[in-house]
Amino acid sequence: MQVEYSPDGIYLPAIGLWLDPRATVPAAWLSHAHSDHARGLHQTVIASAITAQLYRHRWPLPAGRQQQTLLLNPNQSIEWNGATLTARQASHILGAAQLLVEHQGERLVYTGDIKRRAPICGWPTEPTPCDHLIIESTFGLPIYQFLEAGIAQTRIANFALECLAAGQTPVFQGYGLGRGQEIAHTLALHQIPCQIHHSIAALIPYFEAEGYTFPVHSGGGAILVTPGLEEKIPLPPTKRKVALVSGWAALDNARARANADVLIPYSDHADFSELLQLIAESAPSQIDIVHGYAAPFARILRDRGYNARQAAA
Amino acid sequence: MDSLALAAERVAATSSRNEKVAHLAAYLRALSNDDLALAARFLSGLGKLSVGHATMRAALEAATKWDRETISLCYREVGDSGETIAHLCRPITKGEPMPLTLAATYFETLQHTRLTQSKVDLLTRIFQTHSAPALKFFVKSITGNFRIGLQEKMLEDALALATGQPSAAVRAANNRCGDLAAVALSARSGELEKIEVTLFHPLDFMLAQPFDESKELDTPANWYAEDKYDGIRSQLHVANGTVKLFTRGLDDTTAAFPEIVLAFTGQPGPLILDGEVLAFRDGRPLPFHLLQQRIARKKVSQKTRNEIPVLFLAYDILMHQGELVFDKPIEHRRAILESLRLSNLSQQTQLQSHAQIEELFQAARARGNEGLVLKRRGSLYESGKRGANWLKVKRPFATLDVVITAAEHGHGHRAGVLSDVTFAVRDGDRFLNIGKAYSGLTDAEIKELTKLLRASTIERYAGGRVQIVRPEIVLEVAFDGLQRSPRHKSGYALRFPRIVRWRRDKGPADIDTLSHIHSLFHTFSTATPA
């Protein structure tokens, strides 16, 4: 199936559908609600129910504007311009989904952002065999090796408890949507109080609706902020310790880059071995790599006998 | 090596010096005597080996079956050999622990293996066998760069804490013998005072603080002034007819200066002098870049010796006839120094007034020297300290406004950012490179600069490592000297260039010109005809 890559995004001309477009388009599939994927006021959006809600929260519809929203939850299908579109679960952030496009006997899967291991908040990835796979490679080098969710949670809790026992304030850096809520939920499971930056707190109700618990907002305890804000916390460096929970925390140089003391390599993206596993499970005859270490990762895949290329998205 | 790795990771995970020392002390305290000596050896960098990058990479290729391109890319992202090897070997190694005694055996075997292929084979086996954390710190030990924010002084403090000895005693003992393994054992048995001076091991140098010229000296007569020389600060050891020279980086540079060896062979030892190696002819020091040509050589031809003659100019004495004298006052040391009747001794003047500093400074510059060092009356030689008893009077040359023309990734914690920049001056509408700087900006500025530089990259070379950028970003740089050099297109090179500030207010049209450099050179080089 023909796929066009341009600075505006990924486009399937045969069925007139854009995948996570950056520009405003007639019809778009939104794989998840991060703002580099779900943005703009397209005429029609297709997304899972949770993604659609989070997208609307972050991208409100101006008064008088119309938008058609087609909800497509995992393992539901719709017909679209002669193709069958099916959503499949993606382990990434709450609501993330892969899109399976069946058209003229060919199966194409667009993963969006994805990992193979289970997330702290969200559903696990459903491996989806296909002919043509479009996949990201944010961490497509073998130096990137991440922790299982359970181990990451233990590390998060232990870090916080050790700091508190030593009279220091544990500070976490987490993104506004995804990591932030995962850290907060983990602290709640261990009854560790936490002050949460409003940009993270604002999306917590969507997570609570899915059954996740969150810490009581109180004075004291841990502090959870978006990256960069840890420098603005009015505490002397001796009174606080900063943990970076991220895929980039796999490398020691993240410490200096993120002003972090403790590194917890846990990501909502696949590490190198997960990428290989995802690809093996899809068994595609063509692979397009769209993000991250696309060129070297495509070469590594070709060395392993896959038909892979860097797609200039 | 595994428990050392665990302790080292704890040290890395805190920015507090006290916590680093406490973590290390807890680790050292629990070790047996044999392991304590080995751990001290590895941590203090005594395990550094001359195993090249190529050897290491060949072993990594053989062990992991990764191709060279992938390995190079991984190294570029990580910025540290030990860490890269640990990551790439984690999926393939048997994960066996590496006891320190075994690590020591590996070290010795590697040290005594001549054939590169045999080294590669041994390293391959090591990489396939041992746990990733052990490999990470084993390789860091070999390459001599731990990059966990651990300085030798913290190690000495940790050792003191672990053994209940005073820090000062541990430091003094380590300075005397330079073997932290021996110091560790003596500290544990409470016999630090028995540690004797090891000859031909460089002691730490005493360093000078910059003198704040905006303030008056309290009592000028309490100070001696000497010229500050633009040479290679060196320590000269003599005993039994053997002479050795060490630089501040504690490198042995003896082989580069045979005439100095010859001049001191007859001196009665054991003797340790502090001073400066200078290129010197017709009563004047020669420019520093000529001296650099000497130090680069292992064998020195007679022709080079004639063209660039060198001498050792002494200004302090640490050991005289086998007796340490650095704990004696400066007047006492000076008297011994003068009694040696050396042919080259730094002149010392007792200051009479504050105004005399200016006069002496100008005289020093006129003699082709860099400035002055002020030394306090009655002071001791404080080995390894940058204290307030020595003050350096140094004035930077004028600063220059330059534009960035190329950038490359740094190392260690600056691996992911473009921290090393090449910069140029203007000649009409051309930009001619004049130098390269690594430091002077904050981490936040470097981050921001990296973004801008990436966006303005025109081309890449050296495997993508070096990026040529559009000349847009203006920096103000300071430097300590200007010399003619074929290395850069401008025909000049700067000494110790460092970034003073990012001039966001200026554009490439506002920067300094080549003709300005010509005139600077002529103003300042009257003392040293090149």
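Guide: Angles here run from 0 to 180 degrees between N-to-C directions, with axes fitted as lines to C-alpha atoms. The model is a predicted one. In chain A, helix α3 (residues 179-189) lies across β12, β13, β14 and β15, and runs at about 165° to β14(A).

Visitor: What makes β13 and β16 of chain A edge strands?

Guide: The open sheet has five strands in the order β13-β14-β12-β15-β16 (chain A). β13 (194-196) and β16 (262-264) of chain A each pair on one side only, which is what marks them as edges.

Visitor: How do you know that β15(A) and β16(A) pair?

Guide: Pairing requires at least two bridges between two strands. Strand β15 (residues 240-245) of chain A is joined to β16(A) by three bridges, therefore they count as paired, and they run parallel. One bridge can be located: A243(A) has V262(A) of β16(A) as its partner.

Visitor: Which helix packs on the sheet and touches β16 of chain A?

Guide: Helix α2 (residues 149-165) of chain A does, touching β12 (169-173), β14 (222-225), β15 and β16 of chain A. The direction of α2(A) makes about 145° with that of β12(A). Within the sheet, neighbouring strands are turned by 25° against each other on average, direction ignored.

Visitor: How is chain A divided into domains, and how many residues of each are in contact?

Guide: Domain 1 covers 4-142 + 269-310 and domain 2 covers 149-264, according to an automatic or database assignment. Their C-alpha centres lie 28 Å apart. In the contact, 17 residues of domain 1 of chain A meet 14 residues of domain 2 of chain A. The domain 1 side consists of ten nonpolar, five polar and two charged residues.

Visitor: Why are I330(B), R333(B) and L337(B) called buried?

Guide: A residue is buried if 20 or more other C-beta atoms lie within 10 Å of its own. In helix α16 (residues 330-339) of chain B, I330(B), R333(B) and L337(B) meet that cut-off.

Visitor: What places these buried residues on the same side of α16(B)?

Guide: They cover an arc of only 65° around the axis, which puts them on the same side of α16(B). On the other side, E331(B), A335(B), E338(B) and S339(B) are exposed. The cover over the buried residues includes β7 (310-320) and β10 (371-376) of chain B. After α16(B) comes R341(B), whose phi is positive, near 55°.

Visitor: How do you know that β1(B) and β11(B) are paired?

Guide: The requirement is at least two bridges. β1(B) is joined to strand β11 (residues 386-393) of chain B by four bridges, therefore the requirement is met, and the two run parallel. Q209(B) stands opposite L391(B) in β11(B).

Visitor: Where do these strands stand in the sheet of chain B?

Guide: The order of this open sheet of five strands is β1-β11-β10-β2-β9 (chain B), with mixed pairing. β1 (207-210) and β9 (349-350) of chain B are the edge strands, each pairing on one side only. Helix α17 (residues 356-366) of chain B lies across β2 (223-228), β9, β10 and β11 of chain B, at about 130° to β10(B).

Visitor: What makes up the contact of chain A with chain B?

Guide: Chain A supplies 16 residues and chain B supplies 22 residues. On the chain A side, α6 (254-257) and α8 (294-303) are the elements that give two or more residues. α6(A) gives the most, with three residues. By class, this side has nine nonpolar, three polar and four charged residues.

Note on methods: Residues are numbered from 1 along each chain as its sequence is written. Chains are lettered from A and ligands numbered from 1 in the order in which they are written. This is a predicted model: local features need pLDDT of at least 70, side-chain atom pairs count only at pLDDT 80 or more; totals for chains, interfaces and linings use all residues. Two residues are in contact if their C-beta atoms, placed from the backbone, lie within 7 Å. Ala, Val, Leu, Ile, Met, Phe, Trp, Tyr, Cys and Pro count as nonpolar, Asp, Glu, Lys and Arg as charged, and the others, Gly among them, as polar. A residue is buried if 20 or more other C-beta atoms lie within 10 Å of its own, exposed if 12 or fewer, and partly exposed in between; C-beta atoms are placed from the backbone. The arc is that of the directions from the helix axis to the C-beta atoms.
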